[in-house]
Amino acid sequence: MKPLLIHVPHASRYIPRDYMKTALIPIEEVEEENRFMCDTGVVEFIPMTFREDTLIFPYSRLYCDVERFRDESEVLAKYGMGFVYTHDSKGREIFRPTKEHIKEVEAIYDQHHAEFNWRVESILEECGHCLIVDLHSFSDEVVERMFGITDAPDVCIGTDENTHNEDIVQGIESICRGLGLSTRRNYPYSGTFVPNAYYGKPDTGITSVMIEINKRVLEKNK
């Protein structure tokens, strides 16, 4: 077992057919938003030798976003983009799920977190430490629309003070420089992903780093 877990939460576009019936805009527009928000290209970026060390969430983030908090601490929930999305990146209401739909999404969210936690804890038990790579892609269009950012780097490296490892971050930056790629830390996205049970706790044996690859890089290297 490698002391590594690659987490890919936003690379799927799958939305259950029954849930799509709650859409308030044309299906074609839902699909366009789905494409816009999807972390396209990251699964193909992962070498085959690391696929068994990868946990890929099989649903679209428009249906269930497992990297959002489920409670009132989630700041994006007030914009309709919490663990359940009711609004899109333009602020339009796109879904109006029933209570039963919400229960289904909660169950899927909890199941994924349980598997993620189990895999991290198994690595910690066997190896004593665990490196989590929180892997995403983003587009210049997304960050300009959502944040007004027009100077996004090729690669954004997200860190958290409790799970930070400077050697690993510098190593990623060095690899990117060698490939001619620009990097910035915590810009335009910040932070990284850890199991909820370890969130905010130092000295857990977990190192976590988020890698956000600009889609222009993935397109260029297809």
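**Entry 1: the start of helix α6.** I began at the start of α6, where a side-chain oxygen of N165 comes to within 3.0 Å of the backbone nitrogen of D167. I keep in mind throughout that this is a predicted model.

**Entry 2: the length and faces of α6.** I then looked at the helix itself, residues 166-178, and compared its expected span with its ends: at 1.5 Å a residue its 13 residues should span 18 Å, and because the end C-alpha atoms are 18 Å apart, the two agree. Next I looked up which residues of α6 are buried, and found V169, I172, E173 and C176. Seen down the axis of α6, these buried residues fall within an arc of 95°, so they line one face of the helix. On the face turned away from that buried side I noted the exposed residues D167, I175 and G178. I also asked myself what the buried residues of α6 pack against. I found three strands there, β4 (155-158), β5 (183-185) and β6 (206-214). After α6 comes G180, and I noted that its phi is positive, near 75°.

**Entry 3: the loop between β5 and β6.** Most residues other than glycine have a negative phi, and most peptide bonds are trans, and with that in mind I went through this loop. N186, which lies in the loop between β5 and β6, has a positive phi of about 55° although it is not a glycine. I looked up its exposure as well, and N186 is partly exposed, with a relative accessible area of 29%. D203 is also placed in the loop between β5 and β6, and its phi, near 55°, is again a positive value in a residue other than glycine. At 79% relative accessibility, D203 counts as exposed, because the cut-off for that word is over 50%. P188 is found in this loop too, and the peptide bond that joins Y187 and P188 is cis, with omega about 10°.

**Entry 4: strand β1.** Is strand β1, residues 4-8, mostly covered or mostly open? I found it mostly covered, since five of its five residues are buried. In a regular strand the side chains alternate between the two faces of the sheet, and I therefore checked each side of β1 separately: L4, I6 and V8 are buried on one side, and L5 and H7 on the other. For its neighbours, I noted that four bridges join β1 to β3 (residues 130-138), running parallel, and that the bridge partner of H7 in β3 is D134. Three bridges join β1 to β2 (residues 54-56), also parallel, and there V8 stands opposite I56.

Note on methods. Residues are numbered from 1 along each chain as its sequence is written. This is a predicted model: local features need pLDDT of at least 70, side-chain atom pairs count only at pLDDT 80 or more; totals for chains, interfaces and linings use all residues. Side-chain values use heavy atoms; hydrogens and water are left out. Buried means under 20% relative accessible area, exposed over 50%, partly exposed in between (1.4 Å probe, protein chains only). Helices (H or I, at least four residues) and strands (E, at least two) are DSSP runs, numbered from the N terminus. Two strands pair if DSSP finds at least two bridges between them. The expected span of a helix is 1.5 Å times one less than its number of residues. The arc is that of the directions from the helix axis to the C-beta atoms. Contact means heavy atoms within 4.5 Å. A polar contact is a pair of N or O atoms within 3.5 Å; within protein, one must be able to donate a hydrogen and the other to accept it, and residues adjacent in sequence count only if both atoms are side-chain atoms.
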